[in-house]
Amino acid sequence: MVTQIKALVLGDIVWGENDKLLTVLTAEYGRMCVVLKGGSSLKSKVAGACLPFAYTEMTLAEKGGRPWVREATEIRGFHGIRKELESTALALYVLDVLTEVCLEDGEESEMLQLALNTLHAIENKLKPLGQIKAAFELRTAAACGFSPDLVACNTCGEDKSQFMYLDVMDGVMTCRECRQRHIQEPPAEGHTSIVLMLDRPILDAMRLISYSPPKRFLSFQLPDGDSRLFCSYCEKYLLNHIDRGFASLEFFHSLEGL
Ligand SMILES: [Zn+2]
C-alpha cells in the first residue's frame, strides 16, 4: 500500500548498516516510525529532506510490516534554526516534547500546527526564545488536556485581586482572599501543591496564549521584569503535568547563562 503524508521529522537514529529510523509527526496519523532506506548514505537522494526539523511530503510504501520512505520532498526545512546554537537547542527541546506527548495512531493536527508555528517563530526570532518556549509549553499543556482555568477565581468567581494563585496540578486559580482563607485550613493528606503567584501582566499573557487562535499564540506583551518568572512558570506547569525532564532543556538552559 502506498500512502502520501506530510510529516515533521522529530528525530532520526541509524538503523542497521545503512538505514535510518525516523520518528515523524503527522496530522492524520499522529506520531509514526518510518524507515529511510539508505538514509545514512551520502548518496541518498531523499535523506536531506528527512532531517530533524524538516516538514516534508513523503510517499510511504509498506515493506516487512513497516512503512518506509520511497520519495521525500521538503516543504519547509527551517534551516535558519541551525545557524545558532541557542535556537537549535530550543528546537530540539520542542521536538523532544512532541515525541513525548504526541500519540501514535491519533489525530494530532493541533500539535502539528503548534509545532510548525513554534519552529517558524524560533527561526525568525519573532520573540525572545524563552518566551516562544513558554508559549509552546502552555499551548502544549492545553492540547494535552491540562489547560489551566485562567478565567477567574475557582472559589468565588471573582477576578479582581492584584495577584492570582495558580495551583499547578489542579490547574485552577484562586484570588488572594480565598487563598488566605484556604491556607488556614489543614491540607488534605498526601496532597502537595505547587502554587504559582501570577501578577496581572503574567496572567494576561497566559490567558492570551491559552485562549487565542493558533496563529496568535505569541501576540502577548510582557514587561521586561516579568519575562523570567513567566518563562519559569510555563515550564513548571508543563513539566509537572508530563512528569519528566529533558536533557535538551537542560542544554538550552546551560546556554542561557553564557
Ligand atoms: Zn476568590
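The expected span of a helix is 1.5 Å times one less than its number of residues. In this predicted model, helix α6 (residues 224-242) has 19 residues, for which 27 Å is expected. The distance from its first C-alpha to its last is 29 Å, close to that value. Just after α6 comes Asp243, with a positive phi near 60°.

One set of α6 residues is buried: Phe230, Cys231, Tyr233, Cys234, Tyr237 and Leu238. A helix has 3.6 residues a turn, so residues three or four places apart point the same way. The packing partners of the buried α6 residues are α3 (129-143), β8 and α5 (200-211).

Strand β8 (residues 195-198) deserves a look of its own. In a regular strand, side chains alternate between the two faces of the sheet. Here Leu196 and Leu198 point to one face and are buried, whereas Val195 and Met197 point to the other and are not. The strand pairs with β6 (residues 164-167) in the antiparallel sense, over 4 bridges. Within this pairing, Met197 of β8 is the bridge partner of Tyr165.

On a wider scale, the domain assignment of the protein chain gives domain 1 (2-76) and domain 2 (141-243), and their C-alpha centres lie 39 Å apart. The largest nonpolar core has 71 residues, and Leu25 and Val94 have the most contacts inside it. Helix α1 (residues 85-101) supplies the largest share of this core, 9 residues, while domain 1 and domain 2 each contribute at least three. Leaving aside residues up to four places away in sequence, Val94 touches Ala115, Thr118, Leu119 and Phe136.

Technical notes. Residues are numbered from 1 along each chain as its sequence is written. This is a predicted model: local features need pLDDT of at least 70, side-chain atom pairs count only at pLDDT 80 or more; totals for chains, interfaces and linings use all residues. Domain bounds come from an automatic or database domain assignment. A residue is buried if 20 or more other C-beta atoms lie within 10 Å of its own, exposed if 12 or fewer, and partly exposed in between; C-beta atoms are placed from the backbone. Helices (H or I, at least four residues) and strands (E, at least two) are DSSP runs, numbered from the N terminus. Two strands pair if DSSP finds at least two bridges between them. Two residues are in contact if their C-beta atoms, placed from the backbone, lie within 7 Å. A nonpolar core is a set of buried Ala, Val, Leu, Ile, Met, Phe, Trp, Tyr and Cys residues joined through C-beta atoms within 7 Å.
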